[in-house]
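Here are some comments for a colleague who is reading this model for the opening time. Please keep the sequence and the structure in view while going through the numbered points.

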Amino acid sequence: MSGMANTLPIEITVNGRRRALRVAVHHTLLDVLRDDLRLTGTKECCLVGECGACTVMVDGRIVDSCLMLAVEADGAEILTVEGLAENGRLSPLQQAFLDKGAVQCGFCTPGQLMASHALLEANPNPSLDDIQEGLAGNLCRCGCYVQITDAVLSVAEGGHR
Amino acid sequence: MQTFVYERPATLAEAVALLDAHGPNARLLAGGTDLIIRLRDGSARPGVVIDVKRIAELHPAIREDDGIVTIGATAVVADIAASEPVRRHFEALADAAAVVGSVQIRNRATIGGNICNASPAADTAPSLLVYGAVVVAAGPKGTRRIPIDDFFVRSGVTTLGPSELVVAIEILVPARSTGAVHMRRTRRRGHDLASVTLCCSVDDTGVTRLAYGSVGPRPVLVTDETGVLADPGAPDEAKAAIFERMFAEASPSKRSMRAGPEYRLAMLRVLGNRAVRAAIGRLEAKGRVEA
C-alpha cells in the first residue's frame with residue numbers, strides 16, 4: 001500500500017449543490033473543501049481545533065473542519081462561507097461585518113461569520129454573553145472582538161447599535 | 001497525516017470483530033477532536049481507524065427508562081448539555097458538558113471519547129464519578145458493566161480490554177433529593193483545558209460527594225458522611241479538616257504547562273468550598289420546589 005492513496009467515494013451537499021467525490025481517507029473535510037472543491041474561503045490555521053478559522057456547518061451545526069475526516073461527512077449537508085451570500089448579495093451578517101469594521105486582516109472572518117451565523121440561527125436575540133460564548137472557539141489575532149460582537153448584535157433581532 | 005484503512009461498521013458485532021482482528025493496530029474514531037490531532041502530529045499511527053458513529057446500537061443518543069438515564073457513547077457533549085433528562089437529574093453533568101472546549105468542539109466531542117481518552121482533566125469525569133455512572137462495554141465475550149470509579153487508570157489508560165469498546169454510560173437517577181454542581185479553573189475565559197476540575201453533590205441526608213481532576217494521574221472520588229460539609233452552620237475549621245482528608249490524594253504534576261502544583265492545590269480548596277455552597281443552594285432550591 002505504500003505510496004498508494006487509500007480512497008473512498010463520498011456524497012456531500014455543499015452550499016446546496018450535490019457533489020460525488022472520491023477522497024483520500026486521511027484527508028480532512030477542510031482539505032477536501034479547499035483542495036478538491038477549491039472553496040478556499042474556509043481557512044486552514046491552527047489544525048488543533050483552537051482557532052476556528054476552518055469553521056463550517058455540517059448538518060446544521062458548526063464544526064472545526066480540520067478535526068473531521070472528509071469520509072465522516074459522507075451524506076452530510078455542508079454550508080461554507082461561500083454559501084452565505086445569495087444571488088451575489090452579501091448576507092446582512094456579512095454586510096454588518098464590513099459596516100462595523102469587524103474585518104482587519106480578514107483571515108479569521110470566514111470562521112467568525114460561520115460561528116455567528118450558527119449562533120443567530122439558534123438564538124436570534126443573543127446577549128453579549130451569548131455572543132462571547134458562541135464565538136469562544138474563534139480567535140482573532142488582530143483583536144477585532146469588540147467590532148465582531150457589535151456586528152453580530154447589530155443584526156440580532158431588535159438590534160440597533 | 002499518514003494514511004490508514006477507514007472502517008465504518010454499522011453494528012456493534014462488526015465493530016468488535018474489527019477490534020479483535022486488528023488489535024493494537026486499530027484506533028476507534030468517535031468525535032475525532034483528540035484522535036485527528038494525534039493522527040496529524042504522528043503520535044498515533046494506527047493502520048486501521050474504526051469510525052463508531054454509525055453503529056445502530058449506539059442510537060438513540062440519550063434516553064430515560066425505569067429510573068436509569070442511558071447516554072450512548074457517541075452522544076456529543078452539546079446534546080448532553082441540552083438534554084432534558086440530564087439537566088433534570090444530573091445538573092452537574094450538564095454544567096460540565098456545557099464548558100467542554102468551544103461550540104465547534106462540543107458539536108463533535110463525544111462522552112465516550114472523553115472518558116476513553118481518560119485525560120485527568122476530562123470535564124465529564126468528576127460528575128460521572130459523583131453520580132456513580134456505570135460504563136457499558138462490549139467485547140468478544142459480550143457486554144459488561146464497569147463502575148466508572150473502576151474505569152480510569154491514568155491519562156490515556158482505562159480498564160477496557162483490548163477488543164472492548166464503550167457502548168453507553170448508564171446513570172441511576174438518585175433516590176435521595178440531591179444538589180450538585182461542576183466547577184473548573186482555566187487560564188482564560190472561553191476555550192481552554194481545565195487546570196482544576198471539581199464536582200460536588202450534597203443529598204438530603206447530609207452525604208457530600210466530591211470528585212476532582214487535573215490534579216493527579218486520574219480523577220478522584222471521595223465521600224464525607226459526617227454531615228459536616230453539608231451543614232452550612234458548621235465551623236470553617238471543622239470543614240477544613242474534612243477537606244484536607246478528602247484532598248489527600250491530589251498530586252499535581254510539576255511538569256504540566258497549565259498551572260503549578262501549588263496553585264492547583266490552593267484552587268482545589270477554593271473550588272471545594274464554593275462547590276459545597278453551590279450544591280447546598282441547589283439542594284435547597286429543589287426542596288422549595290417539592291415543598
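1. A good place to begin is a pair of strands in chain A, where strand E1 (residues 7-14) and strand E2 (17-24) of chain A pair in the antiparallel sense over eight bridges. Within this pairing, A:Pro9 stands opposite A:Arg22, which belongs to E2(A). Please bear in mind throughout that this is a predicted model.

2. As general background, the strands of a sheet pair through backbone hydrogen bonds, and they do so either parallel or antiparallel. The two strands of the previous point belong to an open sheet of five strands in chain A, whose order is E2-E1-E5-E3-E4 and whose pairing is mixed. The edges of this sheet are formed by E2(A) and strand E4 (61-64) of chain A, each of which has a single partner strand, so one side of each is left without a neighbour in the sheet. Neighbouring strands of the sheet are turned by 40° against each other on average, if direction is ignored.

3. A helix should be viewed together with this sheet: helix H3 (residues 109-122) of chain A lies across E3 and E4 of chain A, and H3(A) runs at about 40° to E3(A).

4. On the level of domains, chain A is divided into domain 1 (7-83) and domain 2 (92-155), and the centres of these two domains, taken over C-alpha atoms, are separated by 21 Å. Where they meet, twelve residues of domain 1 of chain A are in contact with eleven residues of domain 2 of chain A. Which strand gives the largest share of the domain 1 side? That share, three residues, comes from strand E3 (residues 55-58) of chain A. By class, the residues on this side of domain 1 of chain A divide into seven nonpolar, four polar and one charged.

5. Chain B is divided into three parts, namely domain 1 (5-51), domain 2 (62-172) and domain 3 (178-290). For domain 2 and domain 3 of chain B, the C-alpha centres lie 20 Å apart, and 22 residues of domain 2 of chain B are in contact with 22 residues of domain 3 of chain B.

6. On the side of domain 2 of chain B that touches domain 3 of chain B, the elements giving two or more residues are helix H5 (91-98), helix H8 (124-130) and strand E8 (152-154) of chain B. The largest share, five residues, comes from H8(B). Sorted by class, this side of domain 2 of chain B has 13 nonpolar, four polar and five charged residues.

Note on methods: Residues are numbered from 1 along each chain as its sequence is written. Chains are lettered from A and ligands numbered from 1 in the order in which they are written. This is a predicted model: local features need pLDDT of at least 70, side-chain atom pairs count only at pLDDT 80 or more; totals for chains, interfaces and linings use all residues. Domain bounds come from an automatic or database domain assignment. Two residues are in contact if their C-beta atoms, placed from the backbone, lie within 7 Å. Helices (H or I, at least four residues) and strands (E, at least two) are DSSP runs, numbered from the N terminus. Ala, Val, Leu, Ile, Met, Phe, Trp, Tyr, Cys and Pro count as nonpolar, Asp, Glu, Lys and Arg as charged, and the others, Gly among them, as polar. Two strands pair if DSSP finds at least two bridges between them. Axes are lines fitted to C-alpha atoms, for helices over the stretch in contact, and angles run from 0 to 180 degrees between N-to-C directions.
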